[in-house]
Amino acid sequence: MLNRASFAGFVVLGGVLATLVAPAPAAAQGKIEFTPFFASFYALSHVATNLTDANGGTFSERLSNAPAVGARLSFRLSHTIGIEGSFTYAKTGFEAGVGKDNTGTITSVGIFINGNAIMASGRVTLHPRRSNFRAILGVGYQKRGGDAWD
C-alpha cells in the first residue's frame with residue numbers, strides 16, 4: 001500500500017517522464033493555424049436619422065445587432081512574417097424605429113427587414129521576435145445582402 005509521500009513522488013516522477021518522452025510538435029504544426037470563432041456584430045451608428053414620414057413624424061434607420069460566425073486562417077512564412085485571412089457572416093437586419101410625432105408624442109412603431117452582412121479580409125503581418133511590436137497591412141471586403149438591401 002502506498003502512503004502519501006510515495007504516491008506524490010510517483011506522480012511527480014511520472015510527470016517528468018511523460019514530459020521527456022512526449023513528442024515535439026512537427027514543424028508544419030507551428031506554421032498553419034485555423035481558428036473558427038463566434039462573434040457579435042454591432043452597428044456603431046444609424047444609417048439615417050431624423051427622417052420625416054408623410055404624417056410629419058420622425059424615424060431613424062439602423063442595422064440590427066446580431067451574432068456572427070467566422071474563421072481565420074494564418075500561415076507563417078518565417079518567424080517574423082505571416083499571412084492571414086478571415087471570413088465572417090452575420091445574420092443582421094435593417095431596423096426602422098419611429099420617434100416623436102408633431103405633437104411630441106412618442107410612438108412605439110418599428111419594422112425589421114431580414115438581411116445579412118459578409119466580411120472578409122486578408123493581411124500580411126510582421127511581428128519581430130522578442131518585441132511587442134506588430135505591423136499589419138491588409139485589405140477588407142464587406143457585402144450586405146438579403147431582403148433589407150434588395
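This dialogue reads a few features of a predicted model.

Reader: Where do I start? Which elements does the chain have, and in what order do they run from the N terminus?

Author: Start with the helices and strands. The chain has 1 helix and 9 strands. The order from the N terminus is α-β-β-β-β-β-β-β-β-β.

Reader: How do I read the contacts? What share join residues at least 24 apart?

Author: Look at separation in sequence. Take the contacts between residues at least 6 apart in sequence: 58% of them join residues at least 24 apart.

Reader: And the surface? How many of the 150 residues count as buried, as a percentage?

Author: Of the 150 residues, 18% count as buried. The accessible surface of the chain is about 11,100 Å². Carbon and sulfur atoms account for 63% of that surface.

Reader: Take one loop residue. Is Thr92 buried or exposed?

Author: Compare its relative accessible area with the cut-off: buried means under 20%. Thr92 has 2%, so Thr92 is buried. Its place is the loop between β5 (81-90) and β6 (93-98).

Reader: Which residues does Thr92 touch?

Author: Leave out residues up to four places away in sequence. Thr92 then touches Phe41, Leu63, Ser64 and Ala66. Thr92 also touches Asn114, Gly115, Asn116 and Ala117.

Reader: Now another loop. Where does Arg129 lie, and is Arg129 buried or exposed?

Author: Arg129 lies in the loop between β8 (116-126) and β9 (135-145). Exposed means over 50%. Arg129 has a relative accessible area of 55%, so Arg129 is exposed.

Reader: Which residues gather with Arg129 in a patch of positive charge?

Author: Lys31, Arg76 and Arg130 join Arg129 in that patch on the surface.

Definitions and conventions:
Residues numbered from 1 in each chain as written. Predicted model: local features only at pLDDT ≥ 70, side-chain atom pairs only at ≥ 80, totals over all residues. Heavy atoms only, no water. Patch = residues over 30% accessible without salt bridge, like charges linked within 9 Å, V, L, I, M, F, W, Y side chains within 5 Å. Areas by Shrake-Rupley, 256 points an atom, 1.4 Å probe, with all protein chains shown as cover. Salt bridge = Lys/Arg side-chain N within 4 Å of Asp/Glu carboxyl O. Lys, Arg positive; Asp, Glu negative; His and termini not counted. Charge placed at Lys NZ, Arg CZ, Asp CG, Glu CD. Helix = DSSP H or I, 4+ residues; strand = E, 2+ residues; numbered from the N terminus. Buried < 20%, exposed > 50% of the residue type's maximum accessible area, 1.4 Å probe, protein only. Contact = heavy atoms within 4.5 Å.
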